[in-house]
Each structure stands twice: as structure tokens, then as C-alpha cells.
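This report goes through the packing of a protein chain, from helix contacts to cores and a sheet. The sequence and the structure come next.

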Amino acid sequence: MPIRAEQTALEHIDGYGDRAGRVTVLEQFAVDETADIPLRLHVETRFTDARADSMRARWANGSAKAISDANLEFYHDRFPGLVESKTLELIDDRDRNVLTLNENYTMPLDAFGKAGIPAKLTTRAYIVQNVLPARQSSPRMQPLALPTDLANDQTIELRVKDRVLTPLDDLDARAEAMTFSRKTTALPDGLRVIYRLDTGTRDAVPASAAAEVYALSDQIKDNAGIEFYLEKSPHTAFAPKGIDAATWAPIKADMEKAVALTQKNEQSTNLEALALLSKASGKVPHPSAAAGLIDGLKGAILSDLRRPQAAFAALQSATAQYDGNPPVYRLWLGYELDLGTAESFVKALERTIAVQPKEIGTLDKRLIQLALQKIVALAPEKREAARESLCMTLDKGGWQQDPRTDFGNSMLGCAIAAHSVRGNIVEARSGLAKDPPTEALLTMAIDRRHQALWPDIDRIGGDRFRRSLEREAARAAAVSAATPKDYAAMTYRMQTLRALGRFQEALDAGKALASDTAQIEIVGTDAFWLVNEYASNLSALGRGDAAIAALDGVLALGLDRYPELVSFAINRAEIVVQAGRFDAGLASVTELDTRHASGLSDYGRMWVWTTKSCALRALGRVAEAEAVEANIAKTPQNNWSAATEAAACRNDGGAIADLIKLRLGDSEARHGALALLITFDTQTSQTAFQKRLRDALAAAIARPDVQQAFAKYGRAVRYAGTTQGWNEF
């Protein structure tokens, strides 16, 4: 409709505010740090009048699943690992024009720990955020437009079992006709915080009044998000678990004041808290549970103050005396890994399992990877025992077993072998009943150290372990389906399919993730390994050029930016040489050995030298190859497989035989040598170059002296799978 000559804007509709409606949100958090489901969240969002009409239209134009997925993604930012426990519910009261959405979520224990929720739980009154204009950097010259007729309420109830939460200060602020408030009420087991924002009916203010609006906007921004430090909140019980009332009474006031001071997260208050704890420590016997409780809090504060050695000592003292503080054990494990030894870390794990078994399930796999790296650095006589102890401890704690991950699978297999070697046959047989990984079964089937288990293993592997492979593939598929964006889970699934010879199925499963180049760089290492697995399946099908192209897509990110890509550059060079492109392969490994030498591990460097010597011999440059082989011969223990392959490249049967016998005599290297006794029933595509090397290896294995050595340490086994997961030399 045209606007009349004397009219300059649309007419304001009187009475709209009466029908604009409200949005009211209720978030109810229930936290029990000791439960299997430590966090539950119920969200009820109520829309009235025009706001209900808008939401009803959104529902009609979209889908319940789209809304549900969007809501879950919203909460994932603060609570990674949160899952929907009930389907999104819509209640539509047309008579009163009220629409209500009910959401229900839970967070399992491992995700709760990994996300650090005990250390910091963040609530956010999102319904009052981003409503008012944000402050602009330059002075306002024009009138400032305002949202009108918005009335938003949000109530956040945080109930935490056995914790006392400190109430927040109330707020009551105004700018022009707009009002904002925050009111806090203490509950028996937590807090209720109510936020209200009403924008009024005025749609603009003059530039001179903008500062007042900006001030209110800033205040809302600063106070809508609240961080609760649960671990630092005092327990509700009169005396903490394991400490008698008579011991607790003299130190209660000092402890509660110290805890309150730490919640301010300031250096001065932390130092004041330490002084109070030292005072409390003088009032209790030593050693005692109370002294351990005090030292645990000291350790946490010293950690915040970045005094690692003092924190470590306090945490060691705390965990030796007091069992009842789970976060202290989690912190202690981190310090044992950083400042302790591999053996002390394993002992810390054993202690934690004994008194806080649920904490083991929350350990991140990166922590265990670092522990394994620390074990590798031990002297040979200590290394194997430390690894066995780590595996048995993690298996006892059920680490990464429900659902079972690739890493958890390997720890189970390692634990069974460790029990077997140590003569714990009952425990080893108990592990066999858990459907361990096929690789572990096969490893024990070929090794005489596990002869006591051979009857059990032979029953399981009567079909050459095909059923074991199929079960493992099904388990990996289930894990991957539950976490479709998890690159490590998909890599594990693809590996189980490659082990069965189902190469194209593996490619189909991993194609979407392997093709998402932007996400690959964001995810990093786990994504890089998925692409490597993708390339391995292409190679298995004889599609070497496609495998090289897949690896090139990752290597294009740059070895200088991502030094871990050196492993994939080595794999690429090997594929190039296996395809008979010796000049190109030689150029690749020469660049690695010069420009990127600092990024090579001793193990990786041996593969570079082996690939280089193989390429040089294929090109007839024997003298240069011999110079490289002299380096390989100096440290074959750095990579026995690479040293053996280098001997196969020069068709040196005597050298291959000698290396095999050396490996068999070394308890750590024996596993790789015994694997040469496995007959793999499912074959991958092989180039002429690969066939020539395998013929040289087979001839050396057939020698009587090698067969005699094999008979001393193991036995031959037929296997329904491929060489996936096994070194071929």
C-alpha cells in the first residue's frame, strides 16, 4: 500500500506487545561425579503467542530431526560427548497458543572426564545474549535501533551431588525502557539462577543515549556465562569420605576458606589458600587421610601456580595417604607421566585402579601413547616388563573396552600375552574369553612362549581365524557407525576390512572422510592415518597411481608445517619404487634424507635407507647402494624389517638368514621374525618388484638352519587374512 504524503514510516500497530509473546527456557543440570552417567541435562523451552506461531512455522517448514540435531550441536560446544537420551518432544497447546519443546541429554563418564567438566562446568543464559546491540568502536552519530517487544526468561538449575556451590551476586540493571536481571537462589543441592530481559516497546534511541544501551549490553555479555569449578567446591558432608569427624572439626574452617579462595583463580588468593592449608596440616597426624586430603588440594593449587616439582611432590604424598579425591588422582597421573618414570607411571595407574577405578576409563588415549613412548626409551631389560605391566593394568581397568576401540583392542591382546609370559594362565584364558584381537591370537599362536595357550587358541582359530576377523570387523563397524566423523574409528574399520581382503568395501567406507581435504587438515594426525589406510587399500587392489595421488593430497599440506607427514612420504616413496619408477623413488627418499633428516626417527630413517638402496640397485648403481647398506648394517636393531628387506633387494640369502636368526634370539624382535612363519591365504596385488623380493625371502626361510631356528622358538600357522598389520620382512 502507498504511504500517504504526510506519512514517513509504517504505522506502529498498537497492542502488538500484548501478543508478541515470551520465550522461557528452563535448563536443569544434574551432576553426580561418581556415577556412570555423571551429567544429565533437561531443557524445557516454552513459546507463547507470536513466538509460538514463529516456532510452529519453523517446525512445519523443517523437521523434528533437523531441530533436534541443531539443538544437540549447540550443546556440544560446551559438552562434547553429550548424547540425546530421549527424542525431542513437542507439546502444542493451540487453545492457549503455547508451544513447549522438551530436550533430554546425558553425558557418559569418559566424555565427562575428557571434557574437563569436573574442573569447569560452564552455564550460559543464551536466551538473553546477542539481543541488544553490541558496543561499536567509534562514537555513535545516528539513532540506535533497538529490538522491541522481546521478553526472554531463562532459569538455570544446577544440582551437584555432594558439593556446595557459592551463590552468585544478584543483578538488576536498566537502560531506557529495557531491563535485565539475574537472581540466584540456593537449593539444598545446588543453585537456581533466573535471568530476565525485557526490551520494551521503543524501537530506537538517539545517539546520545547509545552509551547507556551499550553499557547494559556489556553487562549482559559479562554475566550471561558462568563457570563453576566443581572440583574446588567443598563437599556437603560434615567430614569428607574417609576422615573422621574428630579429625575434621579442627581444620574444617581453614579448609573451607582455602577452597573458597581457590575459586577466585588469582595468584594472591591461591597463595593465601596455601598458607591456610599449611596451618591445617599442622593440626592433623602424619601420615593420615586428612594429611593426604590437604596435600591433594596443595598439589592442585601449586599446579595452578605453575610450580610443577612442588605440585608433583604434594600429589604423590596425597595419593599415598588419601583415597577419596578422584580429580587428584587424575592430576597425579599427568605429573607422573611428565616428571616421573615409565615404571612410576604404571605404579600410579595400579594405585588409581585400586582406589578410583572409574578414573581409568576417563584417560585420554594420548596419555597412554605418551606412556608407551616413555617405555620405549627404557633400557631393553626393563622395557618389556614395563609394557606388560601397563597393558595388564589398563585391561584390569577396562580402558577403552566399552565400546572397544582399536587402541583398547591392542591393550587387551597385549595384556593376555603378558599374563601368559608371566605364567598367569588363568588370567590369560579369562582374556581369551573376551574375544581379543586376531593379531594377538595369531601372535601367540606362532610363539612357543605361549604354548600353554595353544589348545585354547587352536580351538578359536580352527577356521584359520576367519570368524575372529569377521567379529573384529563387525565390532569396528559398530564403533564407526556410532561416531561417523571419528577418523581413528573409521581407520580401524578400514583396517579390519583390509585384513579380510575386502579392499573395495574399505575404500567405500572411508571415501567420504578421505575426500574431505579441509577437515583432514583440521583433524590432523588421525585424518592423515586414514588417508594412509585409504592408499594401502588402493595398493592392495593394484592401483598404485591412485594410492600415490591419495598420499599426495595430504603431503601437499607440507612436511615443514606438519613434520609427522614424513611417515607418509616414506610410504609414498616405497609405492613408487615398488611400481618400478626407481628414479622418482630415489629422488623422493634422497630429499627426505637431506631436507627432512631431522624429522626422521631411527626407525623411519632405516626405511628411507632401505628404499634408497633398493632403488640404487635397481638402477645398477651398486657402489652407491653398498654405501647406504653399510649404514643399515650398523644398526639393524633400529628396524629389523627394513634391514631384512634391504638384504632381499640385493638377493643376499645368507644375510637374510642371519638377520632372521638374530631376531629370533632377541625377545623383543622375535615377534616380527616369527610372523614370517604365517601363511597368508588372502593375497594382495603385487608388482614384479615385490614378487622378486618375496621370492628371495622365501628362499632364505627355506634354509635348514633357519627352519631349525624357527622350530626352537615357534611354529607355522595358516591365516585366512591378508598381511594387514604385519611386517612382510
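In which sense, left-handed or right-handed, does helix 30 pass helix 32? The crossing is right-handed. The model is predicted, and the values below are computed from it. Helix 30 covers residues 653-665 and helix 32 covers residues 688-701; their axes lie 9 Å apart and make an angle of about 65°. Helix 30 contributes G653, I656, A657 and I660 to the contact, and helix 32 contributes A696, L697, A700 and I701. Sorted by class, this contact holds 7 nonpolar residues, 1 polar residue and no charged ones.

**Cores**

The largest nonpolar core has 102 residues, and the members that touch the most others are L565, F710 and Y719. Helix 25 (residues 566-578) supplies 8 residues to this core, the most of any contributor. A second core, separate from it, has 59 residues, among them L293, W332, M411 and A418.

Beyond its neighbours within four places in sequence, Y719 has contacts that include T438, L442, R464, F465 and L469. Also in contact with Y719 are A499, I678, T679, F680, D681 and W726.

**A buried serine**

S480 belongs to helix 19 (residues 466-482). Is S480 buried or exposed? S480 counts as buried because its relative accessibility is 2%, and the cut-off for buried is under 20%. Leaving out residues up to four places away in sequence, S480 touches A489, M490 and R493.

**The sheet**

An open sheet is built from 8 strands in the order 3-4-2-1-7-10-9-8, and its pairing is mixed. Strand 3 (83-93) and strand 8 (171-175) are the edge strands, each pairing on one side only. From one strand to the next, the twist averages 10°. Within the sheet, strand 1 (residues 23-31) is paired with strand 7 (residues 151-160) in the parallel sense, over 9 bridges. V25 has Q154 of strand 7 as its bridge partner.

Helices 2 and 5 both contact strands, as listed here.

| Helix | Strands touched | Angle |
|---|---|---|
| Helix 2 (residues 49-61) | strand 1, strand 2 (39-48), strand 3, strand 4 (98-107), strand 7 | about 115° with strand 2 |
| Helix 5 (residues 210-223) | strand 8, strand 9 (178-187), strand 10 (190-198) | about 150° to strand 8 |

Helix 2 packs on the sheet, and helix 5 lies across strands 8, 9 and 10.

Note on methods
Residues numbered from 1 in each chain as written. Predicted model: local features only at pLDDT ≥ 70, side-chain atom pairs only at ≥ 80, totals over all residues. Heavy atoms only, no water. Axes fitted to C-alpha atoms, helices over the stretch in contact; angles between N-to-C directions. Helix = DSSP H or I, 4+ residues; strand = E, 2+ residues; numbered from the N terminus. Left-handed = near helix turned anticlockwise from the far one by under 90°. Contact = heavy atoms within 4.5 Å. Nonpolar A, V, L, I, M, F, W, Y, C, P; charged D, E, K, R; others polar. Core = buried A, V, L, I, M, F, W, Y, C linked by side-chain atoms within 4.5 Å. Buried < 20%, exposed > 50% of the residue type's maximum accessible area, 1.4 Å probe, protein only. Pairing = 2+ DSSP bridges.
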